[in-house]
Amino acid sequence: MSQFGPDYVRAIAPYQAGKPIAEVAREFGLDEAKIVKLASNENPFGVPESSRAAMAQAAADLGRYPDANGFELKAALSARYDVPADWITLGNGSNDILEIAAHAFVQKGESVVYAQYSFAVYALATQGVGGRAIVVPAKDYGHDLDAMAAAIQSDTRLVFVANPNNPTGTFIPAAEIEAFLKKVPSNVVVVLDEAYNEYLAAEHQFESSTWVRTYPNLIVSRTFSKAYGLAGLRVGFAIAQPAVTDLMNRIRQPFNVNSLAQAAAIAALNDKAFLEKGAQNNAEGYQQMTAAFDELGLQYVPSFGNFVLVKVGDDEQAGARVNLALLKQGVIVRPVGNYGLPQWLRISIGLPEENATFIEALKKVLA
Ligand SMILES: Cc1ncc(COP(=O)(O)O)c(C=O)c1O
């Protein structure tokens, strides 16, 4: 164990990312081209054409620093969400927004509330500032908002809510979120992390940015990594009232979103056809996946994101064992033992043929 740094930094367990395709190819002696990666909830269509074209133009100017204030991207977001530009904070992915919020609002020893089985970065962001985590037991693998409201203490500075949640895919209807926001003390900042919002069916969509007008302690966090297909560029954003946004902007690195990412994000934001194609593929892929799970008699958590959490065995090694067997067949999924779910795997929804490859491999492994 290192002798350097504070205890709370040494206590951090590193984030476990999905294995890169090249690494699996090397490790298992496989052909990269045949590997299917359904491990990081990425968009199977990749980068939209509109973003590629915008990046090609922006590339000419890469000798210069990016626009530190992201003027054009903020203008596009401002128009899209009908909020003033100074209510927007740009992030190097929405992970950056989560980190910035922890740095801006939490001091060492103060508490942060989030749910069991919620996104791993909430724990990391809390630990990174020496915060005290109050982890509220999940209800049916999702957030128990009543219990979370009740768990808030006098030293609580921040609450993370993921909707839909990763890795469980659970969803909280608008009315329940609003009832929760009414209960949270006004000096406690709530980050509503909506990384998967664009995958919600029309009947579940609600414009949470409008709540930001009512709740000065609310931060809505969104990303271009999932439905917009720009995970590798790292761009996300937050919407909050100026008092909160101003502090986040003081903490953020001045050039945290690079020029290509800014250009690509503007193009993707206006690419309705790309979003629609992705949402439709996702809905169909979800049916394909869950039909296979039903056929195999596997329990899964109904998901509102672009991934599904499925239980692959009853023993504590089941997830790791099935994961390894799938890797050997060139299928990368995500074990979630680090979330306290060692019997489960999280599978991102891919293209129909990728889903089929996974399903075939899973059937072999479980046979
Ligand atoms: C719930 C949730 N929030 C935030 C993120 C962060 O994504 P990014 O930093 O790529 O925007 C993820 C990524 O997996 C996520 O699942």
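**Figure 1. The area buried between domain 1 and domain 2 is about 2500 Å².** In this predicted model, carbon and sulfur atoms give 66% of that buried area. On the side of domain 1, Tyr 8, Phe 304 and Tyr 339 together supply 28% of the area buried against domain 2, more than any other three residues. Contacts across the boundary involve 29 residues of domain 1 and 30 residues of domain 2.

**Figure 2. Polar contacts, but no salt bridges, are found between domain 1 and domain 2.** The rule identifies 8 residue pairs in polar contact across this interface, both members of each pair being at pLDDT 80 or more. For salt bridges across the interface, the count is 0.

**Figure 3. Elements of domain 1 that face domain 2 include α12, β10 and β13.** Each of α12 (272–296), β10 (307–311) and β13 (344–348) gives two or more residues to the side of domain 1 that touches domain 2. Of the elements on this side, α12 gives the most, with 4 residues. By residue class, the touching side of domain 1 consists of 16 nonpolar, 11 polar and 2 charged residues.

**Figure 4. The protein is divided into two parts, domain 1 and domain 2.** Domain 1 is made up of residues 7–46 together with residues 273–366, whereas domain 2 spans residues 50–269. The centres of the two domains, taken over C-alpha atoms, are separated by 24 Å.

**Figure 5. The protein contains 14 helices and 13 strands.** Its radius of gyration is 20 Å, close to the 21 Å that the globule rule gives for 367 residues, so the protein is as compact as a globular protein of that length. Taken along the principal axes, the C-alpha atoms fill a box of roughly 55 × 50 × 50 Å.

**Figure 6. Cis peptide bonds precede Pro 164 and Pro 167.** The bond from Asn 163 to Pro 164 is cis, with omega near -10 degrees. Pro 164 is placed in the loop between β5 (156–162) and α8 (174–183). The peptide bond that joins Asn 166 and Pro 167 is also cis, and its omega is about 15 degrees. Pro 167, too, is found in the loop between β5 and α8.

**Figure 7. Asp 140 has a positive phi.** The phi angle of Asp 140 is about 50 degrees, although this residue is not a glycine. Asp 140 lies in the loop that runs between β4 (132–136) and α7 (145–151).

Note on methods: Residues numbered from 1 in each chain as written. Predicted model: local features only at pLDDT ≥ 70, side-chain atom pairs only at ≥ 80, totals over all residues. Heavy atoms only, no water. Domains from an automatic or database assignment. Contact = heavy atoms within 4.5 Å. Buried area = accessible area lost by both parts, 1.4 Å probe. Salt bridge = Lys/Arg side-chain N within 4 Å of Asp/Glu carboxyl O. Polar contact = N/O pair within 3.5 Å; in protein donor to acceptor, adjacent residues only side chain to side chain. Nonpolar A, V, L, I, M, F, W, Y, C, P; charged D, E, K, R; others polar. Rg over C-alpha atoms; globule rule 2.2 N^0.38 Å.
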